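Student: I am new to this structure and would like a close look at one part of it. Please pick a place to start, and then walk me slowly through what surrounds it.

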Amino acid sequence: MLRRCLQMPIGVQSLIVVGLGELIGSLAPSAGEQMKILGDVFLNLVQVVELPLVFPLIVLGIARMESVKKVGRIAGKAILYFKIVTTVILLLAVGLAKFTGIGKGAPVQGASSEDLKSLDQGVDFHELVLHAVPKNIFAAFGEGNLLGAIVFALLVGVAMAAIGEKSAPFASVLDSVAAVTFKVVGYVNGVAPLGVLGLISYDVAHYGFGNLRSLAGSSPSSTRGWPPSSARCSRSSRRSTASATSHC
């Protein structure tokens with residue numbers, strides 16, 4: 001049975017553990033809150049493979065280009081594509097949120113509007129440039145500075161393309177790193193259901209079902225009165241009609 005469950009697609013496994021997480025969070029809240037560590041570990045695993053995967057792919061992609069001009073054209077197209085797709089996704093997300101009312105009734109009693117005033121209201125261009133060009137690339141990797149790693153990968157890729165065949169040994173090493181990292185990504189995807197189980201169990205145990213209902217697009221207040229008033233009225237009218245008929 002367990003082997004059959006493990007052979008199911010990841011999406012099906014995730015749907016199953018969502019229901020299991022709801023049961024654990026509602027029937028054993030203390031255990032559900034302790035299972036949050038599963039979700040935190042999964043999120044850390046996702047983040048830990050970002051740089052080892054992105055860096056070699058960018059370097060190899062640029063190093064194997066035919067010319068630097070082609071790199072510039074592809075970079076420009078990629079940025080344009082990113083801007084267009086991001087804008088479309090944002091518009092769709094906002095539109096669907098307005099249409100479905102998702103998030104209404106979420107437990108935000110502990111939040112305060114005063115906390116928003118402390119957030120930065122802009123982008124410091126000076127800090128952004130320094131963040132993109134770190135003084136120590138190893139420190140940038142350790143801090144998870146993805147922007148700095150990408151800029152350094154661009155420089156390394158251009159340098160490898162410039163020296164030609166002399167960069168072949170280093171390219172071979174990066175090929176191996178990318179292949180190993182892809183294998184690690186497969187392992188991380190395999191434990192995704194455990195991460196979902198931990199996060200759902202903690203969410204239900206800590207916030208209750210109201211939070212999940214709000215994420216599904218229905219507020220807790222709307223589900224407390226289920227079934228709808230029209231259905232209750234129709235049932236009561238049928239009962240009164242049946243009662244009057246029996247009296248007759």
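Tutor: Let's start with Gln-13, which is buried because its relative accessible area, 11%, is under the 20% cut-off. Please keep in mind that this is a predicted model, so everything below describes a prediction.

Gln-13 sits in helix H2, and Ser-14 is also found in that helix, which covers residues 10-27. Ser-14 is buried too, because its relative accessible area is 18% and buried means under 20%.

What does Ser-14 touch, once residues up to four places away in sequence are set aside? The answer is Pro-193 and Val-196. Gln-13 can be paired with a distant part of the sequence as well: 181 residues separate Gln-13 from Leu-194 along the chain, yet their C-alpha atoms are 9.3 Å apart in space.

Now look at the other side of this meeting place. Ala-192 belongs to helix H11, made up of residues 192-207. Ala-192 counts as buried because a relative accessible area of 11% falls under 20%. Its C-alpha atom is 9.0 Å from that of Gln-13, although 179 residues of chain lie between the two positions in the numbering. Apart from neighbours within four places in sequence, Ala-192 is in contact with Ile-10 and Phe-42.

With that corner in view, let's step back to the whole chain. Which kinds of secondary structure does the chain have? The chain has 14 helices and zero strands, so the pattern along the sequence reads as α from beginning to end. Of its 248 residues, 22% count as buried; Gln-13, Ser-14 and Ala-192 are among the buried ones. Pairings across long stretches of sequence are a feature of the chain as well: among contacts with a separation of 6 or more, 76% join residues that are 24 or more positions apart.

Another long-range meeting brings together helix H5, residues 50-63, and helix H10, residues 168-190. Their axes come within 9 Å and cross at roughly 140°, and the crossing is left-handed. From H5, the residues taking part are Pro-52, Leu-53, Phe-55, Pro-56, Leu-57, Val-59 and Leu-60. Facing them in H10 are Ala-171, Leu-174, Asp-175, Val-177, Ala-178, Thr-181, Phe-182 and Val-185. By type, the residues of this contact are 13 nonpolar, one polar and one charged.

H5 itself deserves a moment. Its 14 residues should span 20 Å at 1.5 Å a residue, and this agrees with its end C-alpha atoms, which are 20 Å apart. The buried residues of H5 are Leu-51, Leu-53, Phe-55, Pro-56, Val-59, Leu-60, Ile-62 and Ala-63.

Is Pro-52, a residue of H5, buried or partly exposed? Pro-52 is partly exposed, because its relative accessibility of 33% lies between the 20% and 50% cut-offs. Pro-52 touches Val-177 and Thr-181, leaving out residues up to four places away in sequence. The C-alpha atoms of Pro-52 and Leu-174 are separated by 9.7 Å, with the two positions 122 residues apart in the numbering.

Over in H10 you will find Ala-168. Ala-168 is partly exposed, because its relative accessible area of 37% falls between 20% and 50%. From C-alpha to C-alpha, Ala-168 and Ala-63 are 9.8 Å apart in space and 105 residues apart in sequence.

Finally, how confident is the predictor in all this? The chain averages a pLDDT of 77, and 71% of the residues score at least 70. Among the elements of the chain, H10 has the highest mean pLDDT, 92, and helix H14, residues 229-247, has the lowest, 44. Over residues 219-248 the pLDDT stays under 50, and there the model has 11 contacts beyond four places in sequence.

Definitions and conventions. Residues are numbered from 1 along each chain as its sequence is written. This is a predicted model: local features need pLDDT of at least 70, side-chain atom pairs count only at pLDDT 80 or more; totals for chains, interfaces and linings use all residues. Side-chain values use heavy atoms; hydrogens and water are left out. Axes are lines fitted to C-alpha atoms, for helices over the stretch in contact, and angles run from 0 to 180 degrees between N-to-C directions. Helices (H or I, at least four residues) and strands (E, at least two) are DSSP runs, numbered from the N terminus. A crossing is left-handed if the near helix is turned anticlockwise from the far one by less than a right angle, and right-handed if clockwise. Contact means heavy atoms within 4.5 Å. Ala, Val, Leu, Ile, Met, Phe, Trp, Tyr, Cys and Pro count as nonpolar, Asp, Glu, Lys and Arg as charged, and the others, Gly among them, as polar. The expected span of a helix is 1.5 Å times one less than its number of residues. Buried means under 20% relative accessible area, exposed over 50%, partly exposed in between (1.4 Å probe, protein chains only). pLDDT is the predictor's confidence in each residue, from 0 to 100.
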